[in-house]
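Welcome! Keep the sequence and the 3D view open side by side, and try each exercise before you read its solution.

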Amino acid sequence: MDSTVKKLASGAGILLSRAVQFTEEKLGHAEKTELDAHFENLMARADTTRHWTEKIMRQTEVLLQPNPGTRMEDFVYEKLEKKVPARQCNVELLGQFMTDAGNEFGPSTPYGKTLIKCGETQKLLGSAEKEFVQASMMSFLTPLRNYVEGDYKAIAKERRLLESKRLDLDACKTRLRKARASEAKASAEPDFQDIRPRNFVLSASISGAEQDLRVAQLEFDRQAEVTRLLLEGLSSTHANHLRSLHEYVDAQVTYYAQCYQYTVDLQKQIGSTPTPLPARPLHPNAPPSSTIPLAPTPVTADGANLGLAGRRSARVLYDYDAGDSSELSLLADEVITVYSIPGLDSDWLMGERGNQRGKVPVTYLDLVKS
């Protein structure tokens, strides 16, 4: 019982001493031990890393799951260490609705048949989305969350402990300084009486303060070294996050490539006009192209003996990658020869570049008037 009371009293005394030291520092009545510039830079770097890592992590979570209610539900399951129930994503739900509607309207009707095909593709897109979300969670979000909720919390704990050791150290310095000031003042007083007992007490007080200071300095230095080692591990943290970022980009590439392939296949199945994406994105400020319609010119079955009246030069507006062997790849600003042939969709023309020939989309061309 007595030992417990002594521990409580000792702990209360330490907290009181730290509070007094902290207050006097704020009022400018006490000196404060400053950390070196390198240490301060390491702590600032840790705070900056935590700040931006947390922002990137939260926004990635919003991107992967826009529904805040679902995010909260997943968070609760995670804290309870329970498996998150399987649920359909929005794309899969759309696919299910399309499939049900197609069956209701009749799979043999054009609209119903197309709805069913679109629904099947939406389900494939939903599966690809789920795979992308899972890969992003594992390879990108988990390392970020481990830093914010694990590594940084350990750093913050050691920094708080270091601050406590610093307050203890500065409180010991203050006590020693006051004890020496009292001794100097007592030595300067007139010797009207025997002051040796008081000098003995003051000397004992100084000796005790010096011992406390040595212990406090040792504990502060030890804690500073522990904190420094944790802070210097930020370089490894950044390297790990860089690797995770690469994996996230790889997952994005796979996901969008799958989505593109699924939609292109769907486009071919339902007989829509193919519109392959360009190799590089079009300039966002590029104006819509204005084209000059060409009337079809009679040709022979093998495409020979083409009349010159239907052939024109055209300047390519944007880069274009051929979707298959029947199309011609284009480079922006090059000039090619184009003409129409019977049976070719109005959105396409035949293009020639030297001995190369293939279909080209009209919207990618600026036709020169003849």
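Before the exercises, one term: two residues are in contact when heavy atoms of theirs lie within 4.5 Å. Please also keep in mind that this is a predicted model.

**Exercise 1. The chain as a whole**

Find out how many helices and strands the protein chain has, and in which pattern they follow each other.

Solution. Start by counting: the protein chain has 7 helices and 5 strands. Next, read along the sequence, and the pattern is α-α-α-α-α-α-α-β-β-β-β-β. Now turn to the contacts with a separation of 6 or more: 67% of them in the protein chain are between residues 24 or more positions apart. Finally, look at burial and surface. The protein chain has 370 residues, and 31% of them count as buried. About 23500 Å² of the protein chain is exposed, with 58% of that supplied by carbon and sulfur atoms.

**Exercise 2. The span of a helix**

Work out what span helix α2 should have at 1.5 Å a residue, and compare that with the distance between its end C-alpha atoms.

Solution. Helix α2 covers residues 37–64, which is 28 residues. The expected span is 1.5 Å times one less than the number of residues, so α2 should span 40 Å. Its end C-alpha atoms are 40 Å apart, which agrees.

Then look at the start of the helix. D36 caps the N-terminal end of α2, with a side-chain oxygen 3.1 Å from the backbone nitrogen of H38.

Last, mark the buried residues of α2: F39, L42, M43, A46, T49, T53, M57, T60, E61 and L64. As you look at that list, it helps to recall that an α-helix has 3.6 residues a turn, so residues three or four places apart point the same way.

**Exercise 3. Building the sheet**

In which order do the strands sit in the sheet, and which of them are the edge strands?

Solution. The 5 strands form an open sheet in the order β4-β3-β2-β1-β5, with antiparallel pairing. At the edges are β4 (356–361) and β5 (365–367), each of which pairs on one side only. On average, neighbouring strands of this sheet are turned by 40 degrees against each other, direction ignored. As background, strands of a sheet pair through backbone hydrogen bonds, either parallel or antiparallel.

Now take the pairs one at a time:

- β2 (residues 335–339) and β3 (residues 348–353) pair over 3 bridges, and T337 stands opposite E352 in β3.
- β1 and β2 pair over 4 bridges, with S313 opposite T337 in β2.
- β1 and β5 are joined by 3 bridges, with R315 opposite D366 in β5.

**Exercise 4. Two faces of a strand**

Sort the side chains of strand β1 (residues 312–316) by the face they point to.

Solution. The side chains alternate along β1. R312, A314 and V316 point to one face and are buried. S313 and R315 point to the other face and are not buried.

Follow the chain onward to D333, in the loop between β1 and β2. Buried or exposed? The cut-off for exposed is over 50% relative accessible area, so D333, at 52%, counts as exposed. Its phi is near 80 degrees, a positive value in a residue other than glycine.

**Exercise 5. Far in sequence, brought together in space**

Which residues does E232 contact, leaving aside its neighbours within four places in sequence? Then do the same for T237 and D151.

Solution. E232 is found in helix α6 (residues 196–232), and it is in contact with H38 and L42. E232 and A46 are 186 residues apart in sequence, yet their C-alpha atoms are 9.2 Å apart. At 38% relative accessibility, E232 counts as partly exposed.

T237 belongs to helix α7 (residues 234–270) and touches Y147 and D151. Buried means under 20% relative accessible area, so T237, at 10%, is buried.

D151 lies in helix α5 (residues 110–188) and is in contact with N146 and T237. With a relative accessible area of 43%, D151 is partly exposed. D151 and R50 are 101 residues apart along the chain, and 9.7 Å separates their C-alpha atoms.

Terms used. Residues numbered from 1 in each chain as written. Predicted model: local features only at pLDDT ≥ 70, side-chain atom pairs only at ≥ 80, totals over all residues. Heavy atoms only, no water. Buried < 20%, exposed > 50% of the residue type's maximum accessible area, 1.4 Å probe, protein only. Areas by Shrake-Rupley, 256 points an atom, 1.4 Å probe, with all protein chains shown as cover. Polar contact = N/O pair within 3.5 Å; in protein donor to acceptor, adjacent residues only side chain to side chain. Pairing = 2+ DSSP bridges. Axes fitted to C-alpha atoms, helices over the stretch in contact; angles between N-to-C directions.
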